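I opened the notebook to look up the metal sites. Here is the entry I wanted to work from.

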Amino acid sequence: MLQKNSAFAGVPGPVVVIVMDGYGIPKHAVGSAIEAARKPTLDRLFARYPNITLRAHGTAVGMPSDDDMGNSEVGHNAIGAGQVYAQGAALVANAIAEGTIWQGQAWQEVVAAAKTGALHFIGLFSDGNVHSHIDHLKAMVVQAKAEGVKTVRIHALLDGRDVPETSALDYVVPFEAFLGEISTDGFDARIASGGGRQYITMDRYDANWPMVARGWRTHVLGEGPQFANATAAVEGLRASHPGTIDQDLPEFVIAEFDENGNGKPIGTIEDGDAVVLYNFRGDRAIEITRAFVEDDFSEFDRVRHPRVTYAGMLQYDGDLQLPSRFLVPPPAIRDTSGEWFSKTGLAQFACSETQKFGHVTYFWNGNRSSRFDGETWQEVPSDVVPFEQRPWMKAAEITDAMIAALQSGQYKVLRCNYANGDMVGHTGNFRAATMAIEAVDLALGRLLKAVDKAGGVALVTADHGNADEMFELDKKTREPAVNKDGSYKAKTAHTLNPVPLILYDNVSGGRLGLKQSETAGLSNIAATVANLLGLQKHDKWDDSLLEVK
Ligand SMILES: O=C(O)[C@@H](CO)OP(=O)(O)O
Ligand SMILES: [Mn+2]
Ligand SMILES: [Mn+2]
């Protein structure tokens, strides 16, 4: 149980944490959908309520370096756990640098299997470091050759979401050159299939299984438009789908062609092969993993289920042991706020729409898929549409659910995530992103009234930036980069900007404030919530930011 706090007895009503996904504090007005949005509620909050900025990227959230942007996994892990752990990106990089990954049983089993079959790598093909890093893939290909593997096939998911929106060839061309150079002495490594990450394979939270089914048919069955290599595939698909950015490109299969032009896929996945999913982040890795490892599987018709030695880069879900074979142990996130509020007997409510549902549940609770006692989780089904067409997403419905939960009087701690700023920010559509922020603002206005009625307070924050920077920045000046024709290049990725923390409090009579410090970050939120509840923080949690006058 968390102990009572002598400095402050706690607010009368509940404490609500509101995460505006992808809402950073912009450095430039130009290109910021947040600056451009009409947002009277947020303007009022910033003007009248205590607010500070929090670090939400780099080492402050357990990423390898401060050049790494934040993301939902590390952000929600830090908020929920109140602590910073070295995250997947850092753990894998270290395991490779120190060579421990090669000594592990999982890698050895993969290599053993691949000596008779082929070794397949499936994953996000960029250096975004949100789900994966291409350097990890490269290191594994080199090591596989050194350990006597003969055939490597790569199934490359084009990014354009954590890296510039049409940058696929910046990765594919040098990588195919590297594979060409290393394919000597009987070693044969090639890209065998791929497609846009938002079109195949990398769905999350059961939002769109047909996406995973398309990935399966592409990678495993070798079905799809055929090309001679991945460079030709990207060029060909761009020509046939003008204006489509990398993340949305359709699937492709690499084939060898006979003299009649009939193509035979070079890398279907067969019995006896080994498969490594080299993404370290779990949300978008779980569904395709299930398709490989489950005997009894009904999400889609696999047509053929090859018996393979399957390994994840990490274990993506510790509760479900998914997958059972993994190359690097995941961060052992313990003593989360969800667990300790539960042990203290507080009823908790978590809500978001499908796209972010796991963020406020699974990531929040330290990559744990089961509930703690006293937790209620409510999912609002997301639309399956390009989100620039519906920038309001489910903000209204999430708000309805939160208001109902507040009115029920059942919950002492509530949390929700508004997906809009992030999901629409990722489309690169400035106008839609502006509307996304306006939708969140409208929702917030309604939700905060219900917080007042319940005698509670809210912490309004975000997990990382996105909509705050909708144009690529010049690498040197860090200002929005201008194309030759004076236009800007759309940016789809997260940002390195800090995020707000606003204390919406109409109950303490102005006694409560927030401490700004240079190190204040997302991991300070859990202790702040505890203090607002009149409780001391857990020893493991980073300090509270609450000031009591
Ligand atoms: O869409 C995703 O998978 C990531 C970007 O790669 O975004 P977020 O971390 O906000 O979920
Ligand atoms: Mn996010
Ligand atoms: Mn995002």
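My notes on two metal ions follow. I kept in mind that this is a predicted model.

**Entry: manganese ion (ligand 2)**

I started with the residues that hold the manganese ion (ligand 2). I found D21 (OD), S72 (OG), D463 (OD) and H464 (NE2), at 1.9 to 2.2 Å. I then wrote down their spacing in sequence, D-x50-S-x390-D-H. The pair D21 and H464 links distant parts of the chain, 443 residues apart. I placed D21 in the loop between β1 (15-20) and α1 (33-36). H464 lies in the loop between β14 (457-461) and β15 (499-505).

Is D21 buried or exposed? Its relative accessible area is 1%, so I noted D21 as buried. H464 has a relative accessible area of 0%, so I noted H464 as buried too. The cut-off I used for buried is under 20%.

**Entry: manganese ion (ligand 3)**

How far apart are the manganese ion (ligand 2) and the manganese ion (ligand 3)? I read 4.3 Å.

I went on to the donors of the manganese ion (ligand 3). D422 (OD) is listed twice, along with H426 (NE2) and H494 (NE2), at 2.1 to 2.3 Å. Along the chain these donors follow the spacing D-x3-H-x67-H.

Why is the arrangement around the manganese ion (ligand 3) irregular? The six donor atoms subtend angles of 57 to 170°, and that makes the arrangement irregular.

I checked two of the donor residues for burial. D422 counts as buried because its relative accessibility is 2%. H426 counts as buried at 3% relative accessibility.

Methods: Residues numbered from 1 in each chain as written. Chains lettered and ligands numbered in written order. Predicted model: local features only at pLDDT ≥ 70, side-chain atom pairs only at ≥ 80, totals over all residues. Heavy atoms only, no water. Donors = N, O, S within 2.8 Å, 3.2 Å for Na, K, Ca; no water. Tetrahedral: all angles 85-135°; square planar, octahedral: opposite > 155°, others 65-115°. Buried < 20%, exposed > 50% of the residue type's maximum accessible area, 1.4 Å probe, protein only. Helix = DSSP H or I, 4+ residues; strand = E, 2+ residues; numbered from the N terminus.
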